[in-house]
Amino acid sequence: MSEDLDATGLLCPLPVLKARKRLMGLSSGSELRVLTDDPAAIVDMPHFCNEAGHTLVSSDTQGDAMLWVIRKA
């Protein structure tokens with residue numbers, strides 16, 4: 001199962017906070033695709049995944065935004 005979260009236009013720490021909230025509602029092994037355009041997300045998203053125990057499956061540039069795929073622990 002996977003879900004999408006559009007966090008474009010949001011600045012630190014909101015993309016991470018919204019991702020955390022959305023992941024809480026998902027079952028273990030589910031994936032969340034998060035779209036961000038905050039430059040701080042390049043540091044924040046990997047750090048959040050590492051600290052929370054989630055797997056950062058991928059991160060890709062999409063125009064001016066970044067697409068992060070996170071697998072819930």
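Select β3 (55–62) and β4 (65–71) to begin: the two form a hairpin with two residues between them, and glycine 63 in the turn has a positive phi of about 65°. Strands here are DSSP runs of E of at least two residues, helices are runs of H or I of at least four, and both are numbered from the N terminus. The model on screen is predicted: local features need pLDDT of at least 70, side-chain atom pairs count only at pLDDT 80 or more, and totals for chains, interfaces and linings use all residues. Residues are numbered from 1 along each chain as its sequence is written, and side-chain values use heavy atoms, with hydrogens and water left out.

**The hairpin and the sheet**

Keep the hairpin selected and display its backbone. β3 and β4 pair in the antiparallel sense, over seven bridges; two strands count as paired if DSSP finds at least two bridges between them. Leucine 56 has isoleucine 70 of β4 as its bridge partner, and aspartate 60 stands opposite leucine 67 in β4.

Next, add β2 (31–36). This strand runs antiparallel to β4, and six bridges join the two. Valine 34 has its bridge partner in β4, namely tryptophan 68.

Now show all the strands. They make an open sheet of four, in the order β1-β2-β4-β3, with mixed pairing. β1 (2–6) and β3 are the edge strands, each pairing on one side only. From one strand to the next, the twist averages 15°.

Colour β4 by accessibility. Six of its seven residues are buried, so β4 is largely enclosed by the rest of the structure. Buried means under 20% relative accessible area, exposed means over 50%, and partly exposed lies in between (1.4 Å probe, protein chains only).

**Helix α2**

Select residues 41–52, which form helix α2. At 1.5 Å a residue, its twelve residues should span 16 Å, and the end C-alpha atoms are indeed 16 Å apart; the expected span is 1.5 Å times one less than the number of residues.

Which residues of α2 are buried? They are Ala41, Met45, Phe48 and Cys49. These residues cover an arc of only 95° around the axis, which puts them on the same side of α2; the arc is that of the directions from the helix axis to the C-beta atoms. On the other side of α2, Ile42, Val43, Asn50 and Glu51 are exposed.

Show the surroundings of the buried residues: what covers them includes α1 (14–24), β2, β3 and β4. Just after α2, select glycine 53, which takes a positive phi of about 85°.

**Serine 30**

Move to serine 30, in the loop between α1 and β2. Is this residue buried or exposed? Serine 30 is buried, with a relative accessible area of 2%. Leaving aside neighbours within four places in sequence, serine 30 is in contact (heavy atoms within 4.5 Å) with Met1, Ile70, Arg71 and Lys72. Draw a distance from serine 30 to lysine 72: the two are 42 residues apart in sequence and 5.6 Å apart in space, C-alpha to C-alpha.

**The annotated stretch**

Finally, select residues 5–29, where UniProt places the feature "domain: UPF0033" in an unreviewed entry. Over this stretch the chain is 44% helix and 8% strand, and the end C-alpha atoms are 17 Å apart.

Notes. UniProt positions are given in the numbering used here, feature names are shortened, and annotations may be inferred rather than shown by experiment. Axes are lines fitted to C-alpha atoms, for helices over the stretch in contact, and angles run from 0 to 180 degrees between N-to-C directions.
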